[in-house]
Amino acid sequence: MTPPEPPDPLEILEREADERRRAEEKRGERHMWWYLAYFLFGIHLVALVMIYAVTHAK
């Protein structure tokens, strides 16, 4: 029976890089959703102000 081989350092580095990349993608996606939410909120705010201005114009 042969002893188990030690893990390959290259495999360890690739796995760690993969995990970091996935975490970065998840964080980037979360930021994208927050930017979209703020953008849509801003558009609605501008639309409400414009509706108010048009309905109260003399």
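In the predicted model described here, Arg 21 and Glu 25 both belong to helix α1, where four residues, or about one turn of the helix, lie between the two positions. The side chains of Arg 21 and Glu 25 come together in a salt bridge, with a distance of 3.0 Å from N to O. Glu 25 has a relative accessible area of 47% and is therefore partly exposed, and Arg 21, for which the corresponding value is 40%, is likewise classed as partly exposed.

Arg 21 also takes part in a second contact, since a salt bridge joins this residue to Asp 18, with 2.9 Å between the closest N and O atoms. Asp 18 and Arg 21 are three residues apart, and both are located in helix α1, so that about one turn of the helix separates them. Asp 18 in turn forms a salt bridge with Arg 22, and here the closest N and O atoms are 3.8 Å apart. This distance falls within the limit of 4 Å that is applied to a side-chain nitrogen of Lys or Arg and a carboxyl oxygen of Asp or Glu, and the pair is therefore counted. Arg 22 and Asp 18 are separated by about one helical turn because they are four residues apart in helix α1. With a relative accessibility of 32%, Asp 18 counts as partly exposed, and Arg 22, at 49%, is placed in the partly exposed class as well. Taken together, Asp 18, Arg 21, Arg 22 and Glu 25 are linked in a network of salt bridges, and the count for the structure comes to four salt bridges.

Aromatic side chains were examined next. A search of the whole structure yields one aromatic pair, which is formed by Trp 34 and Tyr 38 and is tilted, with 6.0 Å from centre to centre and 35 degrees between the planes. The description as tilted follows from the angle, because planes under 30 degrees apart would count as stacked and planes over 60 degrees apart as edge-to-face. Trp 34 and Tyr 38 are four residues apart in helix α1, which spans residues 9-55, and about one helical turn therefore separates them. Both residues of this pair, Trp 34 and Tyr 38, are exposed.

The protein chain as a whole contains one helix and zero strands. Its radius of gyration is 26 Å, well over the 10 Å that the globule rule gives for 58 residues, and the chain is therefore more spread out than a compact globule. Along the principal axes, the C-alpha atoms of the protein chain fill a box of roughly 95 × 15 × 5 Å. Buried residues account for 0% of the 58 residues in the protein chain. The area exposed by the protein chain is about 6,100 Å², of which carbon and sulfur atoms supply 68%. With regard to charge, the protein chain carries 8 positive and 10 negative side chains, and a distance of 16 Å lies between the centres of the two sets.

Terms used: Residues numbered from 1 in each chain as written. Predicted model: local features only at pLDDT ≥ 70, side-chain atom pairs only at ≥ 80, totals over all residues. Heavy atoms only, no water. Phe/Tyr/Trp six-rings, centres within 6.5 Å; stacked < 30°, edge-to-face > 60°. Buried < 20%, exposed > 50% of the residue type's maximum accessible area, 1.4 Å probe, protein only. Rg over C-alpha atoms; globule rule 2.2 N^0.38 Å. Areas by Shrake-Rupley, 256 points an atom, 1.4 Å probe, with all protein chains shown as cover. Lys, Arg positive; Asp, Glu negative; His and termini not counted. Charge placed at Lys NZ, Arg CZ, Asp CG, Glu CD.
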